[in-house]
Amino acid sequence: MPRPRLVRYLGLAGSLFLAGAAWLGGASSPWEPTVTPRTILAGRDGVLLPLCWLLGTVLLISAWWAGRRAVPGLRWAYVTAGLWALPLLPFLPLGSYDVYSYACQGWQQAAGLDPYAGGVDLLGCPWADAVAPTWRTSPAPYGPVFLVLAAIAAKLGGSLTGTVALLRLIAVLGVVALGWCLPRIARRAGVPPERAVWLVLACPLVPIHLVSGAHNEAVMVALMAGGLTAAVARRPLLAGVLLGLAVGVKATAVVVVPFVVLLFPGLPRKAMVAGGAAGALAAVSFGSGLGLGWVSGLAGSGVSVQWTAPPTAIGMTLELFGVPGAVAVTRILGMIALAGVLVVLWSRAREEDPLRYAGLALAATVLLAPVFHPWYALWPLAVLAATVRRDTRWLVVPPAVAAALCLPDGYNLALATKAQGAIVMTLLAGYLAWKVLHEAKSDSRRPGADHGGTDRHRRVP
């Protein structure tokens, strides 16, 4: 078993290499791909940039994987995760240009424009050349809570650099809030709090995509975890309000609300959760002047077609074998399957642990949605790490793979392996579907089987 000191400084070395990659070729303004055959062979940095990225990613993932079995303590986990994030703070964003889209959407909101009415090509933005070409025509796909925060950052930041710095500060505060919530959720489920903190905060996706990339997942997941913490503390209205605000960052958080409702006995408390969520979301939507336009903006995220989303991968595979338009069909079927899975999970959560099933619902959402980006893996991880007692290897593998998908400038390796990745993901999806059905059949035949990793019938009194 690796010694804690070795784990800590192995990961820190990885973070330093990644800081070097961000300095040499992170997401810069104006938009420019920095890791291409031409730039590697003829660029000023040669192979140094991809080498820094590769070494940093491998070391960070290895240290996180090695440290999961024996975390010395809660303070050690906090300090180590903080050390890994620190070197990335002064440099360009890693793994994505999304923060520049946030900045422009915030500028539009602060200028009195409607970010849901069009992209930067239509509404304009002084920093439009920093936005990745894929998203220049797309309206904002985020909720009003985040657009208000982005507007504040744009107004106070003034310049693109100042706006990005404030957006990164907001993301870091979200990570800190998440770190505060995790032990409280974990203790309720009988999970060692230091293990939960390690699995989430030390996950390579956090320093790469939340701290460096300043992704708004940091805000969404922090508010979601805050809602779960309030539920554990028997405060239904506060839980509902925080969950409603999480939905106001990204609509995905809505899948958690029905499971949190199950935590409370009696109709009045259940109504407080649902009413708090709906009221908070409505207050921000109409108070910001955006209304419900954000709902129509959700469709813009489907522009990306990558094999990392299983329904999309299956459609891509079918198209490779001559079935035209298969991606659109498999995406629709994936959403129908997701609706069915969520109903089944909710019905089972009524007799078992609702919080753990909320994490499983987020995992199903990630797997069956039309689009998957690496940082989406943090949605279920943030809940399952604090609620699953048993072997956590299945929690660690997907985020570890996801952390290696994006090059420093944001180019997703899935785009370079479309055919191969689609076929492999289709085979993997088929195997997982068979395994789930096989285990479900085995469980149904086993009398008195315990399907959960936590005590049954645990409710907040």
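Buried means under 20% relative accessible area, so E352, at 5%, counts as buried. The views below all come from a predicted model.

**View 1. Two arginines meet E352 in one salt-bridge network.**
A salt bridge joins the side chains of R348 and E352, with 3.8 Å from N to O. R356 also meets E352 in a salt bridge, here with 3.9 Å from N to O. R356 has a relative accessible area of 10% and is therefore buried. Because these salt bridges share partners, R348, E352 and R356 belong to one network. R348 is partly exposed, with a relative accessible area of 32%.

**View 2. R188 and D353 form a salt bridge across the sequence.**
Side chains of opposite charge can pair when their charged atoms come close. In the salt bridge of R188 with D353, the closest N and O atoms are 2.5 Å apart. R188 lies in helix α8, while D353 lies in the loop between α17 (326-349) and α18 (354-368), so the pair ties together parts that are 165 residues apart in sequence. Both residues, R188 and D353, are buried. The structure holds four salt bridges, and the one between R188 and D353 is among them.

**View 3. R168 is buried without a salt bridge.**
R168 is placed in helix α8, which spans residues 160-189. How far away is the nearest side chain of opposite charge? That side chain belongs to D98, and the distance is 13 Å. Beyond its neighbours within four places in sequence, R168 is in contact with L88, L89, P90, F91, L92 and P93, as well as with V211, S212 and A214.

**View 4. C104 and C125 are joined by a disulfide.**
A disulfide is a covalent bond between the sulfur atoms of two cysteines. In this structure the count comes to one disulfide. The sulfur atoms of C104 and C125 are 2.2 Å apart. The torsion about their S-S bond is about -80°, so the disulfide is left-handed. The pair links distant parts of the chain, 21 residues apart: C104 is in helix α5 (residues 98-110), and C125 is in the loop between α6 (120-123) and α7 (144-157). C104 has 0% relative accessibility and counts as buried. C125 counts as buried too, at 13% relative accessibility.

**View 5. C181 and C406 are cysteines in no disulfide.**
For C181, the nearest cysteine sulfur is that of C203, 18 Å away. C181 counts as buried at 4% relative accessibility. For C406, the nearest cysteine sulfur is again that of C203, at a distance of 13 Å. The relative accessibility of C406 is 6%, so C406 counts as buried.

**View 6. Y102 and F146 make an edge-to-face aromatic pair.**
The structure holds 11 aromatic pairs. In the pair of Y102 and F146, the ring centres are 4.8 Å apart and the planes stand at 75°, so the pair is edge-to-face. Y102 sits in helix α5 and F146 in helix α7, and the pair links these distant parts of the chain, 44 residues apart. Are these two residues buried or exposed? Y102 is buried, and so is F146.

**View 7. Four aromatic residues form one cluster.**
The members of the cluster are F372, W375, Y376 and W379. W375 and Y376 form an aromatic pair that is edge-to-face, with 6.5 Å from centre to centre and 85° between the planes. W375 is buried, having a relative accessible area of 5%. Y376 is buried as well, with a relative accessible area of 11%.

**View 8. R68 and R184 each place a charged end over a tryptophan ring.**
The ring beneath the charged end of R68 is that of W65, and the charged end is 4.1 Å from the ring centre. The charged end of R184 sits over the ring of W180, 3.9 Å from its centre.

Note on methods
Residues are numbered from 1 along each chain as its sequence is written. This is a predicted model: local features need pLDDT of at least 70, side-chain atom pairs count only at pLDDT 80 or more; totals for chains, interfaces and linings use all residues. Side-chain values use heavy atoms; hydrogens and water are left out. Helices (H or I, at least four residues) and strands (E, at least two) are DSSP runs, numbered from the N terminus. Buried means under 20% relative accessible area, exposed over 50%, partly exposed in between (1.4 Å probe, protein chains only). Lys and Arg count as positive and Asp and Glu as negative; His and the chain ends are not counted. Contact means heavy atoms within 4.5 Å. A disulfide is a pair of cysteine sulfur atoms within 2.5 Å. Rings of Phe, Tyr and Trp (its six-membered ring) pair if their centres lie within 6.5 Å; planes under 30 degrees apart count as stacked, over 60 as edge-to-face and the rest as tilted. A charge sits over a ring if NZ of Lys or CZ of Arg is within 6 Å of the ring centre and within 35 degrees of the ring normal.
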